Amino acid sequence: MISSLPIVSGLGSLVVGPLQFDRPQWLLLAAVLLPLVVLIGRSSLAGLDGATRWIAFLVRLVVVLALVAVLGEPSFRREAKDVSVTAILDASRSVPVQLQQEVDRFLELAMGDRRSGDRLGVITVAKDAFVQNLPSQAVRDVERTNTGNVEATDIANGVNMMMAITPKDAAARGLLASDGNETSGSLLQVGSAAKAAKIPIDVLLLKYSYEQEVKLDRMMVPATARQGQVINIKVAMTSTSHARGMIFLTMDGQPIDISPDHPSMGSPVELEPGQNVFSRQVFAGNAGPKQFEARFEPEIRGGQPVGDTLVENNRAMGVTFVSGEGKTLVIREDPSESEMLVRELRATSLGIQEITADQLPGDLTGLAAYDAIILCNEPAFNFSNAQIENLKRYVHDLGGGLGMTGGPDSFGAGGWIDSGLAEALPLRLDPPNKRQMPRGALVMIMHSIEMSNGVYYGRQVANAAVDALSRLDLAGIIEYNPMSTRADDWVHPLEVLGDKSAIKRSINRLAFGDMPSFDTSLRKALKGLKDASAGQKHVIILSDGDPTLNRTIINDFVAARITISTVAVSTHGSFGAGSMKYMADTTGGKYYDVGNKHGDVVKIIFKEAQLIRRSLIWEGNGIQPGVVPTGSAPMRDIGAVPTITGYVVAADRQGLSVVTLRAGDENDPIAAHWQYGLGRVFCVTTDATSRWASDWIDWPGYRKFWEQHVRWAMRPTGSANLRILTENDGDRTLVTVEAVDQEGERLSTGAVQARVSEPNGDSQGLDLRQVGPGRWEGDFNSEDAGTYVLALRMAAPSSDGGEMIRGDAQAAVTRPFADEFRALEDNSALLVQVAEMTGGRVLDLASPQTASLFSREGLTMPVATRAIWLPLLLGAIVLFLGDVAVRRVRIEPAAIAAALRRSVKRRDETQKTQVDALRAARVKAKERYGEDDKKVAKRRFDVDEEAIARQPVRAVALSGEEEKIDPASKSRPKAVKVDAADGMSRLMAAKKRAREELEEDS
């Protein structure tokens, strides 16, 4: 049966039952060739007999038809019968939980038309799409095991996922259950792809509307302001009905009294349906970023809010950067480290603020209040990883300045080598390869850590110790592992660290077994350190103090000048704490009892590992650093500097780093600076105190040296007047930058660099295009809730050809809540449009029984084809050879059949004769030996000499006398043993035996 006959320019196909011809136009040759075969056959086959003639004629027709079929490219065709439905369920926060539960019940009840081979798959979609169940016959209900971040909606991603997991051997149908509000992606664009793939998308409309809702759309504040200026704040709100409530406003977390006549700090407001704007003016105050937040609280009646439903969208935020005199932040643990430096900088009218590391602002917005930050002899372990990362981003992304001064706890000696801030410095903190320096050697003895997540913290402290060392230092790890053949042994041998990858792998394998005694581990550590070529040798023991200790071994450590520091964690009494304290006090190390303070353990180990880093410090008689003639701004008009008595050894960094001071026989860098991202960084490896730079204190150029370095690094204020305007547009933010010169004229040209720091810690470059005189525009992705800090720096030629006009500016874009909470009603129109586009249906959530979820209507069943032209061609060749044989060799089919019958008959007769002969031989053997079949079947066919002797018939010799039995004959070979159950085998054995007897008689 022909199901379709589409022939279009040779590209159509012809379907005949299970066969499909991809080039059916070639089949038209049959109409021409078959009559020719008949005409030619009448003459060419005339000489054959009747039956032969008809056979040859039919063979020829079949060959021609087969060849024509081969040209048509035939295939076997199998059409699928099953339907695969993939449900795409909107799990974002914008869909009320009650509607999501109704969707789950709908799917459970809407399977009345499901057949045995039909399949169901489930995908949930919010910010990301997750496959909950692949399409399968076993799926009967909905699972929502992991929906990811639900504060965004990317429906298009879910549809793409549906098309990716749809099986190829079933007709596909999608079911989209959503409110239609998408915060990213394009459902219409992906719907076009589904239409092209012939996958209809049914939609289940999740309708809702917040009849009473107040939403704070945005807060409008200027991006920048001057110190003491009045800032105008506007809050745009949308209300769906009449509503009353209070507006509260804060600046930097402190409430602002915006209604002096009201007893509370807030201001009462009455909102009309539609857009409402609330405005107030506040003084900017001191310089720095000012974070404003507005909050709406609805009127409460009977314990319920009136006129408002969602509380998540009742906030709005804004940030204004208030400019003023440059401010520098100095971080020091000991005030004496910065006392002289701060005194001289304040004398230059620079604004200075001193803090300790734990007082450092925790976010970029707080750091943006400062134009430069200086670390005075600060070790890395004083800062958290988040603080270090923020310092790096402060320079690279916000354009802030950073300075680091030397000291015993700074640079490489302070553990900054592998920190996140190391790559921002213009010097390499590892010593140069050419430098011959005494190495440090550290052995860690790790015992069980009996506290929550003990193994995790144990590995953390081991990694912290390794991070504090340089690649040239030696380190090894010993621990007790009861599962090992040698319980107390090196987990990692004492060796040069190199790139630290090997020891890091060993740390990941630590087991932290419960060590019974310190002795074996201490002996191994002592031997390893004695043999090590190192200047400073140190042992760190991390334990609960339970292992026993033979105190005599500690005297060997004292003799070898090897120090031991012990860190007691979760000790079980004074006995364990006493032995650990004894080891530390006797060898000159330190004893720490941290109890269960997990964070302190990491800091202590980091600090202790630094003890072997003293090799990075050069101290001695005064040396004069030489000034490198570079013409750099920090060293302007400084031709020489006084002597120094110490510095932290570092190495040159390739690239744009500029070294301005060098000292020592190895020409070590003492001062260097460079541009890092949008910001600037300088390093001075000697200190700013009398420890190493006592001659600098009375040097007339002391103030000038430090002032020029700090002012060079500070974020430039310049003379350009920059203004940044931002506007939210969906999940992106539009940025407009306007720049004028000192006379207020728009700059005709200029170069603008800009970066955006995101709430999640990442950063992205911002491409700004000049669209007119003094005007640049760009946009960036801002779909996540939080604060985005924008920093830009520009340089433009002055109109009179003089000095370049430079300037910088900052702005912040805030999204206090996710876009999910901006939608106050569903977007059913989008879903209906997608259903119509793809040929899908609009289903009713209230009628699951009539949904016909697995309906075949409008579906295109997939077809699997398998080409058969090759076997068809081979068959045609075989038939062609048969046709030649019939016509040329004159093979008579009847004669061939008769010959075959005779051959079969002869073979049957031969087989019958052989069987009769075997049966006769069998009977004869039975008669000769007097054995019946039953006896033969029960025993083996062997020669029995005693039975032969008892026989009445005796053998007679040729002379007529009775033959004597020769005893030697008993030694002849026994007859072949044959299984009595096998008749044929017994017969063959009898024949062999008869032959043997005849040979003996002869």
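The following paragraphs describe the fold content, surface, aromatic contacts, backbone and salt bridges of a predicted model.

The protein chain holds 22 helices and 48 strands. Of its 1002 residues, 49% are buried. Contacts reach far along the sequence. Among those between residues at least 6 apart, 74% join residues at least 24 apart. The chain exposes about 48,700 Å². Carbon and sulfur atoms supply 51% of that area.

A nonpolar patch lies on the surface. Its members are Trp26, Leu29, Val32, Leu33, Leu36, Leu39, Ile40 and Leu71. Together they present about 690 Å² of accessible area. Helix H1, residues 29-44, gives the largest share of the patch, with six residues. Leu71 belongs to helix H2, which spans residues 50-71. The relative accessibility of Leu71 is 39%, so this residue counts as partly exposed.

Aromatic side chains were examined next. The count comes to ten aromatic pairs. One of them joins Trp696 and Trp699 in an edge-to-face arrangement. Their ring centres are 5.4 Å apart, and the planes meet at 70°. Both Trp696 and Trp699 are buried. These two tryptophans also belong to an aromatic cluster with Tyr702, Phe705 and Trp706. Elsewhere, a charged side chain sits over a ring: Arg551 lies over the face of Tyr582, at 4.2 Å from the ring centre.

Three loop residues were considered individually. Ala357 is in the loop between strand E22 (351-355) and helix H7 (364-367). With a relative accessible area of 1%, Ala357 falls under the 20% limit and is therefore buried. Several residues beyond four places away in sequence touch Ala357. They are Ile331, Glu333, Glu378, Asn382, Phe383 and Gln387. Pro379 is 22 residues from Ala357 in sequence. The C-alpha atoms of Ala357 and Pro379 are 9.7 Å apart in space.

The other two loop residues, Lys500 and Ser852, have positive phi values without being glycine. Phi of Lys500 is near 70°. Lys500 occupies the loop between strand E28 (488-496) and helix H10 (501-508). Its relative accessible area is 7%, so Lys500 is buried. For Ser852, phi is about 50°. Ser852 is placed in the loop between strand E47 (842-843) and strand E48 (863-867). At a relative accessible area of 34%, Ser852 is partly exposed.

Side chains of opposite charge can pair when their charged atoms come close. A search of the whole structure finds 33 salt bridges. One of these links Arg295 and Glu297, with an N to O distance of 3.0 Å. Arg295 is partly exposed, at 31% relative accessibility. Glu297 is partly exposed too, at 36%.

Helix H13, residues 574-587, carries both Asp585 and Lys581. The side chains of Asp585 and Lys581 meet in a salt bridge, 2.8 Å from N to O. These two residues are four apart in the helix, so about one helical turn separates them. Asp585 has a relative accessible area of 47% and is partly exposed. Lys581 counts as partly exposed at 39% relative accessibility.

Helix H16, residues 702-713, contains Arg711 and Glu707. Arg711 forms a salt bridge with Glu707, and the closest N and O atoms are 2.9 Å apart. Here again the partners are four residues apart in the helix, and therefore about one helical turn separates them. Arg711 is partly exposed, at 40% relative accessibility. Glu707 has a relative accessibility of 21%; buried means under 20%, so Glu707 counts as partly exposed.

Salt bridges also join into a network. Asp82, Arg119 and Asp169 are linked in this way.

Terms used: Residues are numbered from 1 along each chain as its sequence is written. This is a predicted model: local features need pLDDT of at least 70, side-chain atom pairs count only at pLDDT 80 or more; totals for chains, interfaces and linings use all residues. Side-chain values use heavy atoms; hydrogens and water are left out. Buried means under 20% relative accessible area, exposed over 50%, partly exposed in between (1.4 Å probe, protein chains only). Contact means heavy atoms within 4.5 Å. Accessible areas come from the Shrake-Rupley method with a 1.4 Å probe; for residues, only the protein chains shown count as cover. Rings of Phe, Tyr and Trp (its six-membered ring) pair if their centres lie within 6.5 Å; planes under 30 degrees apart count as stacked, over 60 as edge-to-face and the rest as tilted. A charge sits over a ring if NZ of Lys or CZ of Arg is within 6 Å of the ring centre and within 35 degrees of the ring normal. Patches are made of residues with over 30% relative accessible area and no salt bridge: like charges are joined within 9 Å, nonpolar side chains (Val, Leu, Ile, Met, Phe, Trp, Tyr) within 5 Å. A salt bridge is a side-chain nitrogen of Lys or Arg within 4 Å of a carboxyl oxygen of Asp or Glu.
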